[in-house]
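Here is a short note for a colleague opening this entry for the first time. Please keep the structure in view while reading the points.

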Amino acid sequence: MEFTQQDLAQISALGKLPEDVQSQLQRFVTGFPDLELYNTVSEGNGLLKLSKEQLEKHISKYENASIGKQLVKFVPTSGAASRMFKTLYNFSEGQIDSTNEDIQKFYQGITKFAFYDELKALLKKDADHLIKDKDKSVIDFLLSEKGLNYGNLPKALLTFHKYIDGTIAKAIDEHLVEGSLYC
């Protein structure tokens with residue numbers, strides 16, 4: 001990509017080098033490598049716990065800075081959620097089999113997913129049998145248009161949480177609630 005003089009000035013003002021920005025832009029062409037997660041975030045491992053005084057200081061700073069401003073919550077939009085289901089697609093297409101660790105975990109924990117009741121209703125009386133046998137039709141009903149169509153929907157429209165009272169919420173619902181709490 002050719003940078004304009006205005007681009008170069010902005011890159012420089014941000015303390016960046018044009019070749020670094022070019023490298024970052026190239027990632028959108030070549031794709032991003034899968035992340036290998038090693039551990040959960042916890043205090044001291046990616047999570048900083050603020051003292052009560054620090055928390056109050058930051059809250060006050062936020063509240064003072066927001067006076068007279070219109071507050072919004074920006075949620076970047078994304079395409080279909082197909083990347084979330086890469087392993088399930090690989091299984092469905094025969095690239096991996098039911099002995100795959102991730103496939104095992106999916107079927108073992110399927111009842112814990114917020115979408116489980118919706119999926120089970122589509123599978124009807126065969127649900128328990130199909131899940132026990134790690135049948136690919138379960139994934140077909142989850143990802144394709146003949147079922148929940150999660151492979152083609154934007155992530156915002158996926159059933160995201162199931163609360164103790166049975167209420168379910170889509171990701172977009174949670175973003176709206178969170179946004180309202182900010183403002």
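**Notes on the predicted model**

1. Start with burial. Of the 183 residues in the protein, 20% are buried. This is a predicted model. The exposed surface comes to about 14100 Å². Carbon and sulfur atoms supply 55% of that area.

2. Next, the overall dimensions. The radius of gyration is 22 Å, whereas a compact globule of 183 residues would have one near 16 Å. The C-alpha trace spans about 60 × 45 × 35 Å along its principal axes. One pair of residues gives a feel for these distances. G166 and P18 are 148 residues apart along the chain, and their C-alpha atoms are separated by 52 Å.

3. Now the secondary structure. The protein has 9 helices and 4 strands. In sequence order the pattern reads α-α-β-β-α-α-α-α-α-α-β-β-α. Contacts between residues at least 6 apart in sequence can be sorted by separation. Of these, 45% join residues at least 24 apart.

4. Charges come next. There are 22 positive and 26 negative side chains. The centres of the two sets lie 3 Å apart.

5. Look at helix α8, residues 136–143. Which of its residues are buried? They are V138, I139, L142 and L143. Seen down the helix axis, these residues fall within an arc of 115°, so they line one face of α8. A general point helps here. An α-helix has 3.6 residues a turn, so residues three or four places apart point the same way. The cover over the buried residues of α8 includes α4 (86–92), α5 (101–108), α6 (116–123) and α7 (127–132).

6. V138 deserves a closer look. This residue sits in helix α8. V138 is buried, because its relative accessible area is 0% and the cut-off for burial is under 20%. Beyond its neighbours within four places in sequence, V138 is in contact with Y107, I110, L119, L123, L130 and I131. V138 also gives a distance to K124: the two are 14 residues apart in sequence, and 11 Å apart from C-alpha to C-alpha.

7. Turn to α6. Its buried residues include Y116, L119 and L123. They cover an arc of only 70° around the axis, which puts them on the same side of α6. The buried residues of α6 pack against α7 and α8. L119 and L123 appear again among the contacts of V138.

8. Check the backbone at three places. Most residues other than glycine have a negative phi. K124, which follows α6, has a positive phi near 60°. K134 is not a glycine either, yet its phi is positive at about 50°. N149 is a further case, with a positive phi near 65°.

9. Where do K134 and N149 sit? K134 is in the loop between α7 and α8. N149 is in the loop between α8 and β3 (159–162). Is each one buried or partly exposed? K134 counts as partly exposed, at 21% relative accessibility. N149 is buried, with a relative accessible area of 17%. The cut-off of 20% falls between these two values.

10. Move on to strand β3, where F160 is found. F160 counts as partly exposed, at 48% relative accessibility. Leaving out residues up to four places away in sequence, F160 touches A114, A169, K170, A171 and E174. F160 and V41 are 119 residues apart along the chain, with C-alpha atoms separated by 20 Å.

11. One of those partners, E174, belongs to helix α9 (residues 171–182). E174 counts as buried, at 17% relative accessibility. With residues up to four places away in sequence set aside, E174 touches F160, H161, Y163 and A169. A169 is thus a contact of E174 and of F160.

12. Last, the loop between β3 and β4 (168–170). G166 is placed there. At 37% relative accessibility, G166 counts as partly exposed. This is the residue whose C-alpha atom is separated from that of P18 by 52 Å.

Methods:
Residues are numbered from 1 along each chain as its sequence is written. This is a predicted model: local features need pLDDT of at least 70, side-chain atom pairs count only at pLDDT 80 or more; totals for chains, interfaces and linings use all residues. Side-chain values use heavy atoms; hydrogens and water are left out. Helices (H or I, at least four residues) and strands (E, at least two) are DSSP runs, numbered from the N terminus. The radius of gyration is taken over C-alpha atoms; the globule rule is 2.2 Å times the number of residues to the power 0.38. Buried means under 20% relative accessible area, exposed over 50%, partly exposed in between (1.4 Å probe, protein chains only). Contact means heavy atoms within 4.5 Å. Accessible areas come from the Shrake-Rupley method with a 1.4 Å probe; for residues, only the protein chains shown count as cover. Lys and Arg count as positive and Asp and Glu as negative; His and the chain ends are not counted. The place of a charge is taken as NZ of Lys, CZ of Arg, CG of Asp or CD of Glu. The arc is that of the directions from the helix axis to the C-beta atoms.
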